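This briefing goes through one protein model by topic. Please keep the sequence and the 3D view open while reading.

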Amino acid sequence: FQQLTCCWRTGLKVNSHFIFYQNPTVISFPSGPELIPPGACKSLNSSAIYANNEVNLAEVDIYGFDYDYTLALYSNTLNKMIFDKAKTFLIEHFKYPEGIAKYDYIPNFAVRGLHYDIQKVVFFKTYLYISTEVLELHGGTYHIPLTEDSGFYGKGPKVKQFMDIFSIPEMTLLAVANDFFITNDIEYDPVHLFKDISEAIGMVHLKGFMYKWVMQDLDKLIQRGEETDAVLHRLVSNGKKLFLITNSPFSFVDKGMKHMVGKNWREFFDVVIVQADKPHFFTDCIKPFRRLDDNGDLRWEKIKSLDKGQIYKQGNLFDFLRLTGWRGSKVLYFGDHLYSDLADLMLRHGWRTAAIVPELEQETKVVSTYRYALSLTWLQALTGLMEQLQIHRDQESKEVFREWQEEREEAMIKNFFNPQFGSIFRTCHNPTYFSRRLSRFSDIYMASLSCLLNYDPTYNFFPRRTPLQHEAPLWMDQLCTGCVKTSYMEEMSHIR
């Protein structure tokens, strides 16, 4: 790379294969393994835990969990079922045109963290919430080149961000419904469409369809339950206290936990709270706890303590803290929704937080491939060359710079991930808004709860020290977090 950054001074042009003078002299450009730095990571472990802040598990005495997509991971089949049912509600309940029924679920259309401009009818991925750099636009199911749009996308009541995994079928239904109206040249109000689809998706949950589907086919729709069982056993055997706070109803949680852990699953938890109404649970100080009896019926007694083996409904975090005394950094809470599960706990109450990001599993596999490493290395090298060349204002240098700029724009690496929107963690070159929120609201993050099985219960997680923009890159020889092998890898393999 140092050789490359010096070469352009003598009138060199660069493309992906060669550096060459204006005369016939040709200098070979390194390709294949020679291009990739020797220290580049080639074997990321998708079961690693990544740290945004230092977390010492030896100091954590209490572990808290959300249920959906934390203790229980669902098959992608569930997204299709939600999409199909909400589409039926849209047509039958809200009287939308029958033509929308012809659209099938598109499994890989949307990713988490997208913003949606309700008025302009476009999905976009950005790296700041108020940003003039919009990386991808999709109106309906088709791509809109950025050159055809000059609008400003920022914060406001007409912009919605989709942050949880359950939002994937909602985004897909929005896309196909808009596509129907646009391609058939039918005038409609996109604000009404957005609200009706949001309500149709909500009806799938509120009317209990999702709960019924999962309870009727636990083997098909709940994945890797044996790993959740192993995590709970590990924590309890090491003397940790556990609690569960979920928005799901008890009958649904009970059936799923019995499937994953066994009929005595409640013995693992010191406190179980269902239908908690998060995120209001973390901010409201009015709603009292109510106890459920063994039949799931509400009791009327005043709650003076939260007892092991009992099931509680609603409540609020302030009463929870008062009754349990579980405060500060000795509590580590796991959840999949950065806002509903984690934000208030970290910012207002000082708990440690852990984000479950199932997309990590596929993304780490992609970034470990040779093709990705080669493309990323060349992109970085080309960026460095452009940074140096731009100080030269002669015509030939400007022409070379334009050629490199075109090549840099063509060297997009998003296609290695979701074909429409790329990685959920990066735009072209910057962290996405989702990624920034992940760094802000979670101390550690991982693909699934089972990643805990790779680490000793006293393990200390350290964030990698990466150089700031004004610092020299002195840490290139550090091992990547995901490449470090731990003594529990074999146990993890056995459980799987």
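**Backbone outliers and overall layout**

Q275 is partly exposed, with 32% relative accessible area. The model is a predicted one, and Q275 sits in the loop between β15 and α9. The phi angle of Q275 is near 45 degrees, which is a positive value in a residue other than glycine.

**Other backbone features**

- A cis peptide bond runs from K278 to P279, with omega near 5 degrees.
- P279 belongs to the loop between β15 (271–274) and α9 (280–283).
- Q314 is not a glycine, yet its phi is positive, at about 60 degrees.
- Strand β17 (residues 311–314) contains Q314.
- Q314 counts as partly exposed because its relative accessibility of 27% lies between the limits of 20% and 50%.

**Chain as a whole**

- The protein chain contains 16 helices and 21 strands.
- It has 496 residues, of which 52% count as buried.
- Of the contacts between residues at least 6 apart in sequence, 74% join residues at least 24 apart.
- The accessible surface of the protein chain is about 24200 Å², and carbon and sulfur atoms account for 50% of this area.

**Annotated positions**

- An unreviewed UniProt entry places the feature "active site" at D66 and D68.
- The UniProt record, again an unreviewed entry, also places the feature "binding site" at D68.
- D66 lies in the loop between β6 (62–65) and β7 (73–74).
- D68 is likewise found in the loop between β6 and β7.
- Are these two residues buried or exposed? D66 counts as buried because its relative accessibility of 6% is under 20%, and D68 counts as buried at 11%.
- Outside its neighbours within four places in sequence, D66 is in contact with L71, L244, I245, T246, K278, Y333, F334, G335, D336 and D341.
- One of these residues, K278, makes a side-chain to side-chain polar contact with D66 at 2.9 Å.
- K278 is also the residue from which the cis peptide bond to P279 starts.
- D68, with its neighbours within four places in sequence left aside, is in contact with Y74, F166, T246, S248, F252 and D336.
- T246 and D336 appear among the contacts of D66 and also among those of D68.

**Nonpolar cores**

- The largest nonpolar core comprises 129 residues, and those with the most contacts inside it are F65, Y67, F269 and F320.
- Helix α3 (residues 167–183) gives the most to this core, contributing nine residues.
- A second core, separate from that one, has nine residues, including W378, L382, L389 and F401.
- Which residues does F65 contact, leaving aside its neighbours within four places in sequence? They are L71, L232, L235, L242, F243, L244, I245, F269, Y333, F334 and L449.
- Several residues in contact with F65, among them L71, L244, I245, Y333 and F334, are also in contact with D66.

**Helix α15**

- Helix α15 covers residues 433–441, and its buried residues are Y433, F434, S435, L438 and F441.
- Strands against which these buried residues pack include β8 (115–117), β9 (122–126), β12 (159–161), β19 (352–356) and β20 (444–446).
- The buried residues of α15 also pack against helix α11 (338–349).

**Other sites**

- D254 is located in helix α8 (residues 250–260).
- With a relative accessibility of 14%, D254 counts as buried.
- The side chains of D254 and W265 are joined by a polar contact of 2.8 Å.
- A48 is part of the loop between β3 (26–28) and β4 (49–51).
- A48 counts as buried, at 1% relative accessibility.
- A48 and T364 are 316 residues apart in sequence, while their C-alpha atoms are 9.8 Å apart in space.

**Cysteines**

- A disulfide is a covalent bond between the sulfur atoms of two cysteines.
- With a cut-off of 2.5 Å between cysteine sulfur atoms, the count of disulfides is zero.
- C285 is exposed because its relative accessible area of 53% is over 50%.
- C451 is buried, with a relative accessible area of 1%.

Methods. Residues are numbered from 1 along each chain as its sequence is written. This is a predicted model: local features need pLDDT of at least 70, side-chain atom pairs count only at pLDDT 80 or more; totals for chains, interfaces and linings use all residues. Side-chain values use heavy atoms; hydrogens and water are left out. Buried means under 20% relative accessible area, exposed over 50%, partly exposed in between (1.4 Å probe, protein chains only). Helices (H or I, at least four residues) and strands (E, at least two) are DSSP runs, numbered from the N terminus. Contact means heavy atoms within 4.5 Å. UniProt positions are given in the numbering used here, feature names are shortened, and annotations may be inferred rather than shown by experiment. A polar contact is a pair of N or O atoms within 3.5 Å; within protein, one must be able to donate a hydrogen and the other to accept it, and residues adjacent in sequence count only if both atoms are side-chain atoms. Accessible areas come from the Shrake-Rupley method with a 1.4 Å probe; for residues, only the protein chains shown count as cover. A nonpolar core is a set of buried Ala, Val, Leu, Ile, Met, Phe, Trp, Tyr and Cys residues joined through side-chain atoms within 4.5 Å.
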